[in-house]
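Subject: Structure handover

Hello,

Here is the structure I said I would pass on. Please open it next to this email and follow along as you read.

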Amino acid sequence: MKKIFTLFSVFFTLCSATSHAENVEISVYDVTNGSDMKGFTSEVTVDDNGIYTIKDLMGTGVPVQFKIASTENTYGYYDITFEGNLYTQNVGYPYLLDDAGNFVTTTVYGQDGSENYLFYTYFYEDSYYTSAEKRDEDGKNMYDCYMYMSGFDAENAAAPYYELSFSIAAPSMAGIGSAIADSDDANTPVEYFNLQGIRVENPENGMYIRRQGSKTSKVMVK
């Protein structure tokens, strides 16, 4: 049986559920041909469930949602998985859809202004190529993210792979605001959340937030 050692109890002030947002510079690299493309800037948000949203992919007006795993994979990176409006039925890759459910065409611009079209834009989910690295920057946790995307050209042939790379801040303790209960009922079920405020059904070894009613505490699970 797991032993739970309470390190200390702390009462949290109710926090707003407003997502953290920042404008992020996103670099684009043509992996197939080995050349830098024009990057773009987009607002990136993260909500209390740990879901990040790139608000506008390359001027398409279409958002891209993703999550970053809380533990490292076998390569020492953190897996990125895509969420939201996607087509995934028996295709192997998550294809991006707009709000109307249509496949998305993305235009990737070269440094010389040339236009490269990605019809049926999709992302390449792979533990090595599409993943994140965590680092410390002045006491703040940051993720360096890398995403591979591709599609088809006008002749319906496979288009080049493009790597999107950017850095974003990891969710802070503010993200645990959603983990605070409104009730003082001590008989409510016990729930656990990781330090990013994401609910964990079966906590393993590590530090967690324990919530029961309106009372919360930070605990170590062994």
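Where does tyrosine 128 lie? It lies in a loop, the one between strand E10 (115-124) and strand E11 (131-137). Before going further, please note that this is a predicted model, and that the values below were computed from it.

The surface patch

Tyrosine 128 is partly exposed, because its relative accessibility is 41% and the label covers values between 20% and 50%. Together with Tyr75 and Tyr129, Tyr128 makes a nonpolar surface patch of about 320 Å².

Strand E10, which comes before that loop, holds another tyrosine to look at. Tyrosine 120 is placed in strand E10, and its relative accessibility of 41% makes it partly exposed. Its phi is near 55°, which is a positive value in a residue other than glycine. As background, most residues other than glycine have a negative phi.

The salt bridges

How many salt bridges does a search of the whole structure find? The search finds 4. Arginine 135 takes part in a network of them, linked with Glu137 and Asp144. The side chains of arginine 135 and glutamate 137 meet with N to O at 2.8 Å. For the bridge between arginine 135 and aspartate 144, the closest N and O atoms are 2.7 Å apart.

Are the members of this network buried or exposed, or do they fall in between? Arginine 135 is partly exposed at 28% relative accessibility, and glutamate 137 is partly exposed at 32%. Aspartate 144 counts as buried, because its value is 16% and buried means under 20%.

Another salt bridge joins glutamate 191 and arginine 199, with the closest N and O atoms 2.1 Å apart. Arginine 199 is partly exposed, with a relative accessible area of 44%.

Aspartate 138 follows glutamate 137 in the numbering, and aspartate 138 is found in the loop between E11 and strand E12 (140-152). Aspartate 138 is exposed, since its relative accessible area is 80% and exposed means over 50%. Its phi is also positive, near 55°, and aspartate 138 is not a glycine.

The largest pocket

What is the volume of the largest pocket? The volume is about 420 Å³. The pocket is lined by 20 residues, and those nearest its centre are Ala69, Ser70, Thr71, Asn194 and Gln196. By type, the lining divides into 10 nonpolar, 8 polar and 2 charged residues.

Strand E5 (64-68) and strand E16 (206-212) each supply at least two residues of this lining. The largest share comes from E16, with 3 residues.

Contacts between parts of the chain

E16 is also a useful landmark for the next residue. Asparagine 205 lies in the loop between strand E15 (199-200) and E16. Asparagine 205 counts as exposed, because its relative accessibility is 62%. Along the chain, asparagine 205 and methionine 220 are 15 residues apart, and their C-alpha atoms are separated by 7.4 Å.

Valine 219 lies in strand E17 (residues 215-221). How far apart in space are valine 219 and glycine 206? Their C-alpha atoms are 8.4 Å apart, and in sequence the two residues are 13 residues apart. Valine 219 is buried, with a relative accessible area of 0%.

Elsewhere, phenylalanine 82 has its place in strand E6 (residues 78-83). Phenylalanine 82 counts as buried because its relative accessibility is 9%. Leucine 96 is 14 residues from phenylalanine 82 along the chain, and the C-alpha atoms of the two are separated by 9.6 Å.

To go over the main points again on screen, begin with the patch made by Tyr75, Tyr128 and Tyr129. Then go to the network of Arg135, Glu137 and Asp144, and after that to the pocket lined by 20 residues.

Regards

Terms used
Residues numbered from 1 in each chain as written. Predicted model: local features only at pLDDT ≥ 70, side-chain atom pairs only at ≥ 80, totals over all residues. Heavy atoms only, no water. Patch = residues over 30% accessible without salt bridge, like charges linked within 9 Å, V, L, I, M, F, W, Y side chains within 5 Å. Areas by Shrake-Rupley, 256 points an atom, 1.4 Å probe, with all protein chains shown as cover. Helix = DSSP H or I, 4+ residues; strand = E, 2+ residues; numbered from the N terminus. Buried < 20%, exposed > 50% of the residue type's maximum accessible area, 1.4 Å probe, protein only. 1 Å grid on protein atoms, 1.4 Å probe; cavity = no way out; pocket = protein on both sides within 12 Å on 5 of 7 lines; lining within 4 Å. Points joined across faces, edges and corners; volume = space filled by probe spheres on them. Nonpolar A, V, L, I, M, F, W, Y, C, P; charged D, E, K, R; others polar.
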